[in-house]
Amino acid sequence: MVTRHSPKETLLSWEVNITGKAARKAKLPGKMSKPVKFYYDLLSQPSRAMVIFLKLARIPYEDLPVALRNGEHLSEDFKNQVNRFQRVPCINDNGFKLSESVAIVRYLANKHKIPDTWYPQDAKKQALVDEYLEWQHNNTRITCALYFQLMWLKPLLTGKKPTEKEVDTHLQRVVTTLDAIENIWLEKTPFLAGNEVTVADLWAACEIEQLTLTPYDFRKGRPRLTAWLEKVRSSSNPHYDEAHKILKKLAEKTSAKL
């Protein structure tokens, strides 16, 4: 059940948790070293990508969900002890604190022995992955997130629908971004950085999945993107579906009301 909160009670950020799930320990196979503390929110796109990556790479971690809807990230304790920027995802690796999901994945890939496909060691292959991870900030990340806020989050919090002009402006930016993925990034290869799935695909897929909470059908007219998204999902399951379970439930309950 979705709980309504006033704008003063809820930060209008891209990483908002509606459910407030209880903390649990991640169960990963193999010998466990001292786990990295991982703070996240499953309605945060990069948080979902990080959860999937950590499980696929078999990196031990302590599962620490943050109820952003309750303002837990805005406390002085969170700022001083967890993340000075007061956002998720972030980690604390035996006293070493790091935020920003792309920085975190690079750090963990360098520190741990992970399957090479997710973040390749080869300089050229790695550069192609990084090319997308840098491109996404001003494209997939910002356009999908702002459209999600406009069409789902702000109406939920304020009860007010966006204007037609606002919808048209933000939707056009989403269309431009997704068309670039369809016609440029996926023009010659099945995945964003080549012939194998990488973290670039995980990060992109989690951003695009956020659009399921809006009325826009991002798959329509994009056969490459549609096929690619299914390949990313199948390559990372069951972790992909687990990370998106809450998002899917919210989409079923609320998107039809927009």
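The following exchange concerns a predicted model and the reasons behind several terms used to describe it.

User: Why is H244 called buried?

Analyst: Buried means a relative accessible area under 20%. H244 has 1% relative accessibility, so it counts as buried. The residue sits in the loop between α9 (239-243) and α10 (245-254).

User: What makes the approach of H244 to R48 a polar contact?

Analyst: A polar contact needs a pair of N or O atoms within 3.5 Å. The side chains of H244 and R48 make such a contact at 3.2 Å. Leaving aside neighbours within four places in sequence, H244 is also in contact with I52, C206 and E209.

User: Why is R58 called partly exposed, and Q86 buried?

Analyst: The term partly exposed applies between the limits of 20% and 50%. R58 has a relative accessible area of 47% and is therefore partly exposed. Q86, at 18% relative accessibility, counts as buried.

User: What is notable about phi in R58 and in Q86?

Analyst: Most residues other than glycine have a negative phi. Phi of R58 is positive, near 60 degrees, and phi of Q86 is likewise positive, near 60 degrees. R58 belongs to the loop between α1 (45-56) and β2 (61-65), whereas Q86 belongs to the loop between α2 and β3.

User: Which peptide bond involving P89 is cis, and where is P89 found?

Analyst: The bond joining V88 and P89 is cis, with omega about 5 degrees. P89 is in the loop between α2 (76-81) and β3 (90-93).

User: How do you know that the length of α4 agrees with its number of residues?

Analyst: Helix α4 (residues 123-135) has 13 residues, which at 1.5 Å a residue should span 18 Å. Its end C-alpha atoms are 18 Å apart, so the two values agree.

User: Which residues of α4 are buried, and how are they placed around the axis?

Analyst: V129, D130, Y132 and L133 are the buried residues of α4. They cover an arc of only 160 degrees around the axis, and therefore lie on the same side of α4. A123 and K124, on the other side, are exposed. The cover over the buried residues includes α3 (101-111), α5 (140-158), α6 (164-185) and α7 (199-209).

User: How do you know that the largest nonpolar core lies between two domains?

Analyst: This core has 69 residues; M50, F53, L178, V199, W203 and W228 touch the most other members. Its largest share, nine residues, comes from α5. Domain 1 (36-115) and domain 2 (117-256) both give residues to the core, so it lies between them.

Technical notes: Residues numbered from 1 in each chain as written. Predicted model: local features only at pLDDT ≥ 70, side-chain atom pairs only at ≥ 80, totals over all residues. Heavy atoms only, no water. Helix = DSSP H or I, 4+ residues; strand = E, 2+ residues; numbered from the N terminus. Expected span 1.5 Å × (residues − 1). Buried < 20%, exposed > 50% of the residue type's maximum accessible area, 1.4 Å probe, protein only. Arc of directions from axis to C-beta. Contact = heavy atoms within 4.5 Å. Core = buried A, V, L, I, M, F, W, Y, C linked by side-chain atoms within 4.5 Å. Domains from an automatic or database assignment. Polar contact = N/O pair within 3.5 Å; in protein donor to acceptor, adjacent residues only side chain to side chain.
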